[in-house]
Amino acid sequence: MKIKNLFYLQVNLLFILILSNIWDFALNRSFFNGMVIGFLMFGPTSFFWLVGNIRAVSLLTLLSIFEFMVMVVFVAEGFELGGVETTRKALFWVPYLVLAGVNCYWGLSIYSTRKGRLK
């Protein structure tokens, strides 16, 4: 496994185990709900970073694009509906949106450099 893939795996696990709990407690005053959502969303992504071959990275990129688009819809609907409580619920999804976008960017950059070397 390459060093960068290990770093990407560590970032995803740090988000799942620590940052999602802190974010959930700051907004909802509860623990482990955010971690369960984070594990369901980014558990497969973390596994693909662990595998680290080109097929896993391409599947990870497709999964991250899907997650990113779903999170954009959640956040946009929350802000579109208006109201204080709805905005707070929409803000809950922002860190998940950011991590999905970061995973997508990392996957696309790795895929494009490896694909360029294969030609």
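How many Å should the 19 residues of helix α2 span at 1.5 Å a residue? Helix α2 (residues 33-51) should span 27 Å, and its end C-alpha atoms are 27 Å apart, which agrees. The expected span here is 1.5 Å times one less than the number of residues in the helix. The legends below begin with the whole chain and then turn to single places.

This is a predicted model, in which local features need pLDDT of at least 70 and side-chain atom pairs count only at pLDDT 80 or more, while totals for chains, interfaces and linings use all residues. Residues are numbered from 1 along each chain as its sequence is written, and side-chain values use heavy atoms, with hydrogens and water left out.

**Figure 1. The whole protein chain has five helices and zero strands.** Helices (H or I, at least four residues) and strands (E, at least two) are DSSP runs, numbered from the N terminus. Followed along the sequence, the pattern reads α-α-α-α-α. Of the 119 residues in the protein chain, 36% are buried; buried means under 20% relative accessible area, exposed means over 50%, and partly exposed lies in between (1.4 Å probe, protein chains only). The accessible surface comes to about 7,300 Å², and 74% of that belongs to carbon and sulfur atoms. Such areas come from the Shrake-Rupley method with a 1.4 Å probe, and for residues only the protein chains shown count as cover. Among the contacts with a separation of 6 or more, 69% join residues 24 or more positions apart. Contact means heavy atoms within 4.5 Å.

**Figure 2. Confidence across the protein chain has a mean pLDDT of 85.** The pLDDT is the predictor's confidence in each residue, from 0 to 100. In this chain, 89% of the residues reach 70 or more. Confidence is lowest in helix α4 (residues 84-92), with a mean of 72, and highest in α2, with 89.

**Figure 3. Helix α2 bends by about 45° at Phe42.** The bend at a residue is the angle between axes fitted to the seven residues ending there and the seven starting there. A proline, Pro44, follows Phe42 within four residues. The buried residues of α2 include Gly34, Gly38, Phe42 and Trp49. Just after the helix, Gly52 takes a positive phi of about 75°.

**Figure 4. Ser46 is a buried residue of helix α2.** Why does Ser46 count as buried? Its relative accessible area is 6%. Not counting residues up to four places away in sequence, Ser46 touches Leu9, Asn12, Leu13 and Ile16.

**Figure 5. Ser20 sits in helix α1 (residues 3-28).** With a relative accessible area of 1%, Ser20 is buried. The side chain of Ser20 reaches the backbone oxygen of Ile16 at 2.6 Å. This is a polar contact, a pair of N or O atoms within 3.5 Å; within protein, one must be able to donate a hydrogen and the other to accept it, and residues adjacent in sequence count only if both atoms are side-chain atoms. Beyond its neighbours within four places in sequence, Ser20 is in contact with Phe15, Gly34, Met35 and Tyr96.

**Figure 6. Leu63 belongs to helix α3 (residues 54-81).** Is Leu63 buried or partly exposed? At 25% relative accessibility, Leu63 counts as partly exposed. Leaving aside neighbours within four places in sequence, Leu63 contacts Pro44, Thr45 and Phe48. Leu63 and Thr45 are 18 residues apart in sequence, and their C-alpha atoms are 7.6 Å apart in space.

**Figure 7. Asn103 is found in helix α5.** A relative accessible area of 0% makes Asn103 buried. Which residues does Asn103 contact, leaving aside its neighbours within four places in sequence? They are Asn12, Phe42, Thr45, Trp49, Leu60 and Ser64. The C-alpha atoms of Asn103 and Ile65 are separated by 8.7 Å, with their positions 38 residues apart along the chain.

**Figure 8. Tyr111 and Arg114 both lie in helix α5 (residues 94-118).** Tyr111 is partly exposed, with a relative accessible area of 30%, whereas Arg114 is buried at 16%. Tyr111 touches Ile54, Val57 and Ser58, not counting residues up to four places away in sequence. Measuring from C-alpha to C-alpha, Arg114 is 7.6 Å from Ile54, a residue 60 places away in sequence.
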